[in-house]
Amino acid sequence: MNNSVLFDTPGPKAAARHRIYTVLAILVLAGILAIAIARLAGNDQFEGRKWEPFVSPVYIEDFLIDGVLETLKMAVAAIILAVIFGVVFGVGKLSEHRALRWPSWAMVEFWRAVPVLLAMVLVFYAWGIDRGDTGAFWSVVIALMLYNGAVLAEVFRAGINAVPKGQVEAAYALGMRKTQVMLQIQLPQAVKIMLPALISQMVVALKDTSLGYAVAAPGLTNVAKLTYNSPANGQNIIPTVLVTAALYIVMNLILTWIATWVQKKFVGEKKIDIAAAAAGKDDATTNPL
Amino acid sequence: MDVVWENREAILIGFTHTILLFVIAGIGSLLLGTLLAAMRVGPIGVLRVAAVIYVSLVRNTPLLMILLLFRFGLPKVDIKFSFVDVVIPTTAGDIRLNNIFTACVLGLTVYTAAFVAEAIRSGINAVPLGQAEAARAIGLPFGGVMREVILPQAFRATVPPLASVQIALIKNTTVAGAVGVVEAFNVMRSMTNNYAGSRIEIFIAFAIIFVFLVEIYSFAAHRLERRWRIA
């Protein structure tokens, strides 16, 4: 029984109709799945050698060490740098001095609107291209830092603004200075509010590491490319993409799960709308009705 | 800036492709996303589960993986989209809507639809329970509740998250450039290869156009949101 207010609890007639719809839906979905499997089978996509890499230890090692580990390293490096970038420019945007506020605003607006790939290619060609794998690695990290940092700056700003005004007023009343109020009163409370948003942004960063494809950076996508380009595997692009996507999905679901847990444990209902922050809305704090 | 000006026609064609990708995939994902959202909040359990699975799988997959699947994977099972081949000649060059373009539009649609579905669902959830209860209490039937009370409010609440999703789509079209559509990112990459000396100018020119596109869209969405806001 579900408690949606959108429709009534079905009576006998509606329940019978719903049963028919259920059967139809199952048939349609099963039909789609069957067609997909028939397509794959008809074109030899279940061939042994196409799937062999994913059960042979050498490739599994490649996928886990060169793939997952490198991807995680990139994502973690990007997010740490992005947090620093975000704090600096998020606080900068709240500054009382125009000379600080204005450049911070421009920086955040610019990098939030520029596609990550453009930034990545710029950094790569301007700096990383002669530096081999490390160059590509850091090109991805720097590009992700700029984009995610700009988004996080908005998140931080929203988080700081979400701290009740009374807290700041009380702190000033106690005779604290501006920096003290920020460091001792506003930031610690803001961090609590934005922790889940921070983790969700990690999912975005993790997914975007795959864009390193464009600059031949190491990571899961690169391992996938090597796997389906290797002639011995019989152009197994579909199996490779499915397996790689599954790895990304598992990593992201774990992160999402952590975010939900953190939200429940530390924050409660108040949350910051990441999508709004990424898109350039100023009111990134949402309170559920 | 000379390099940018000399190549203005190539850049124009690039951004035309970008905008076409955005518009077609935007409309497509709106349709598919609405369908998914309807499945998600509807009374049929199987469809609800199917929508949840779709959304959580697609949302957690990098866009590049989906585009690789559509662009390079599907041809392996004989889905080649080669029946699409429209060339629109213009004075600046050809606008090509071919199999690669189609594959990327479909990939972007499939990816964005998951986010659209979530945006619409959050809009429906944003309508306070009391509204539906009150509508029912004054005797409106289900259709009336939806048409007169829930949907008008849900639609308004959907504008901001939907705008965020579509702004992300503008930026995501660049990924299609990485797998072969000659859109803005693709043009920029070949220009930076050809004119290695003026990379920074080229980048700044492209970045500013993107910032401009994003700002226009977000300004329009903001106006719409203001105008439709209730109370």
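Begin by selecting B:Val23, which you will find in helix α2 (residues 8–41) of chain B; helices here are DSSP runs of H or I with at least four residues, strands are DSSP runs of E with at least two, and both are numbered from the N terminus. This is a predicted model, in which local features need pLDDT of at least 70 and side-chain atom pairs count only at pLDDT 80 or more, while totals for chains, interfaces and linings use all residues. Residues are numbered from 1 along each chain as its sequence is written, chains are lettered from A and ligands numbered from 1 in the order in which they are written, and side-chain values use heavy atoms, with hydrogens and water left out.

**Around helix α2 of chain B**

With B:Val23 still selected, colour by accessibility if your viewer allows it: at 39% relative accessibility, B:Val23 counts as partly exposed, where buried means under 20% relative accessible area, exposed means over 50%, and partly exposed lies in between, using a 1.4 Å probe and protein chains only. Now add B:Ile170 to the selection and draw a line between the two C-alpha atoms, which are separated by 9.0 Å although the residues are 147 apart along the chain.

Next, select B:Gln166, which sits in helix α7 (residues 142–178) of chain B. Is B:Gln166 buried or exposed? Its relative accessible area is 10%, so B:Gln166 is buried. If you show the residues around B:Gln166 and leave aside its neighbours within four places in sequence, you will find B:Phe22, B:Gly26, B:Leu30 and B:Tyr217 in contact with it, contact meaning heavy atoms within 4.5 Å.

**A loop with two positive phi angles**

Move on to the loop between α4 (63–73) and β1 (86–90) of chain B, and select B:Asp78, which is found there. B:Asp78 is not a glycine, yet its phi is positive, at about 65°, and with a relative accessibility of 48% B:Asp78 counts as partly exposed. In the loop between α4 and β1 you can also select B:Phe81, which again has a positive phi, of about 55°, without being a glycine. B:Phe81 counts as buried, at 9% relative accessibility.

**Chain B as a whole**

Zoom out until chain B fills the view, and trace its secondary structure, which comes to nine helices and two strands. Following the chain from the N terminus on, you should meet the elements in the order α-α-α-α-β-β-α-α-α-α-α. Taken along the principal axes, the C-alpha atoms of chain B fill a box of roughly 70 × 45 × 30 Å. Of the 231 residues in chain B, 49% count as buried, and the chain exposes about 10,700 Å², of which carbon and sulfur atoms supply 65%; these areas come from the Shrake-Rupley method with a 1.4 Å probe, and for residues only the protein chains shown count as cover.

**Crossing to chain A**

To cross between the chains, select helix α5 (residues 116–128) of chain A together with helix α8 (residues 184–194) of chain B, which pack with their axes 10 Å apart and at an angle of about 10°. The axes are lines fitted to C-alpha atoms, for helices over the stretch in contact, and angles run from 0 to 180 degrees between N-to-C directions. This angle makes α5(A) roughly parallel to α8(B), a label for angles under 35 degrees, with over 145 counting as roughly antiparallel, 65 to 115 as roughly perpendicular and the rest as oblique. Which residues make the contact? From α5(A) show A:Leu117, A:Leu118, A:Val121, A:Leu122 and A:Tyr125, and from α8(B) show B:Phe185, B:Met188, B:Arg189, B:Thr192 and B:Asn193.

**Chain A and its domains**

Now display chain A alone, where 11 helices and two strands can be traced. The domain assignment gives domain 1 (8–43) and domain 2 (54–286), with bounds that come from an automatic or database domain assignment. The C-alpha centres of these two domains of chain A lie 39 Å apart.

For the last stop, select A:Tyr59 in helix α3 (residues 57–93) of chain A; A:Tyr59 is partly exposed, with a relative accessible area of 23%. Not counting residues up to four places away in sequence, A:Tyr59 touches A:Pro53, A:Thr227, A:Ser230 and A:Asn233. Finally, add A:Gln263, which is 204 residues from A:Tyr59 in sequence and 37 Å from it in space, C-alpha to C-alpha.
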